Amino acid sequence: MQGYLIAIPAYNEADFIGQVIIEIKRHMPEVDILVINDGSTDRTSEIARGHGAMVLDLPFNIGYGGATQTGFRFALERGYDFVITIDADNQHDPASIKNLIEAMQTQEADAVIGSRFLEGHYKMGLFRRMGSYLFAKIAMAYTGVKFTDPTSGFQLLNRKVFSYLATGDNYPLDYPDVNIIMALYKMRFKVVEAPVIMREKQGGKSMHSGLRPVIYVIRMFLAILMVLLRKED
Amino acid sequence: MSPWVRILIALMGISLFIVVLELVRRKQFREELSLVWLFVSLGIILSSFADHIIDPIAFALGLTYPPVLVFVLIQFVFLLAILYFSKVVSDLKSRNKELSQKVALMEFQINSLNERQKRP
């Protein structure tokens, strides 16, 4: 797997990171794995290193988006051609990576978003389902392309894309979402979807608890508005 | 404007001016950022003497008690100051992110070089 880097942003995922790395190595033994430790207070960094992954230790927590962007910067500096982003909580099944690669090759895409809804069944809370549906509609209205899972963090990006996202504030600090798809489309990158398997979240604190979904939706509308208002870089 | 209201507003402005100057003197407040607050405090002091400007405007707006307009203007100026500092915080957040990413990448590079040196 020449030129591929798997970037895993991780915050306090000591319970799952080892398993994630083991599974990735089982399906893709030759690929480079980078864990971006986002200021974890547990043994995430130590466990990741122990399983043979490269680890970047951020001095403090800067958020999922900031950590992922650090992975892009690493890939850019080290000359990688492709970055695959995978979550550290064992939700993304590494067996589906081949679907992303196949979609990029056959459709000559710049970015492939792994969709949990194209194949298989995934249980999602009502509010989150509504949000996902709404943002999918917005993405379709803007790009003309139907995205079934615009909030997926399971993605394959080529060098052109992650070079752009690695720069400045082109990637949000918190949760990159449908706004990123729209920004990539505006930059004339080709973005497609491919079916992936995602498991239900096991334990841990959900980002979807309490008032967070409401704030998330408001935040996302603002981010979408900014994509529409900003000039192309 | 009654003399007491005038004195109250002027005292507010003077107090703010002195507090800001003292914070700058103690190096607890950067000089360039303090300018905003010094101008705000001067504006508050001046507004206590601006009857001939404030009163006609207040009456034209249907306000029977002109000092209300002064307080509304003061609040608006504070809002602008807060907006300015929000912008400063946003900028700091971006720079903070860049620095932390750079630190992580450099630390990785240093560790890699150290490991290479250790190998026979």
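How many nonpolar, polar and charged residues does the lining of the second largest pocket have by class? In this predicted model, that lining has 14 nonpolar, seven polar and 10 charged residues. The second largest pocket holds about 1100 Å³ of space. Its lining comprises 31 residues, and those closest to the pocket centre are A:Asp169, A:Pro172, A:Leu173, A:Arg219 and A:Arg230. Three elements each give two or more residues to this lining: helix 7 (178-186) and helix 8 (212-229) of chain A, and helix 4 of chain B. Helix 4 of chain B gives the most, with seven residues.

Two residues from the centre of this pocket, A:Asp169 and A:Leu173, also appear in the description of the interface. A:Asp169 forms a salt bridge with B:Lys97. The closest N and O atoms of that pair are 3.3 Å apart. A:Leu173 is among the three residues of chain A that lose the most area to chain B.

The interface between the two chains was examined next. Chain A brings 18 residues to the contact, and chain B brings 14 residues. About 1500 Å² is buried between chain A and chain B. Carbon and sulfur atoms give 56% of that area. On the side of chain A, the most area is lost by A:Arg73, A:Arg78 and A:Leu173. Together these residues account for 33% of what that side buries.

Polar interactions also link the chains. Two salt bridges are counted between chain A and chain B, one of them the pair B:Lys97 and A:Asp169. The count of residue pairs in polar contact, both at pLDDT 80 or more, is 10. On the side of chain A that touches chain B, strand 3 (54-57) and helix 3 (64-77) of chain A are the elements that give two or more residues. Helix 3 of chain A provides the largest share, six residues. By class, this side of chain A has nine nonpolar, four polar and five charged residues.

Enclosed space was also assessed. The structure holds one cavity of 30 Å³ or more. The volume of the largest cavity is about 30 Å³. Both chains line it: A:Arg49, A:Val55, A:Leu56 and A:Asp57 come from chain A, and B:Ala104, B:Glu107, B:Phe108 and B:Asn111 from chain B. Strand 3 of chain A and helix 4 (67-118) of chain B each supply at least two of these lining residues. The largest share, four residues, comes from helix 4 of chain B. The lining of the largest cavity divides into four nonpolar, one polar and three charged residues.

Terms used: Residues numbered from 1 in each chain as written. Chains lettered and ligands numbered in written order. Predicted model: local features only at pLDDT ≥ 70, side-chain atom pairs only at ≥ 80, totals over all residues. Heavy atoms only, no water. Contact = heavy atoms within 4.5 Å. Buried area = accessible area lost by both parts, 1.4 Å probe. Salt bridge = Lys/Arg side-chain N within 4 Å of Asp/Glu carboxyl O. Polar contact = N/O pair within 3.5 Å; in protein donor to acceptor, adjacent residues only side chain to side chain. Nonpolar A, V, L, I, M, F, W, Y, C, P; charged D, E, K, R; others polar. 1 Å grid on protein atoms, 1.4 Å probe; cavity = no way out; pocket = protein on both sides within 12 Å on 5 of 7 lines; lining within 4 Å. Points joined across faces, edges and corners; volume = space filled by probe spheres on them.
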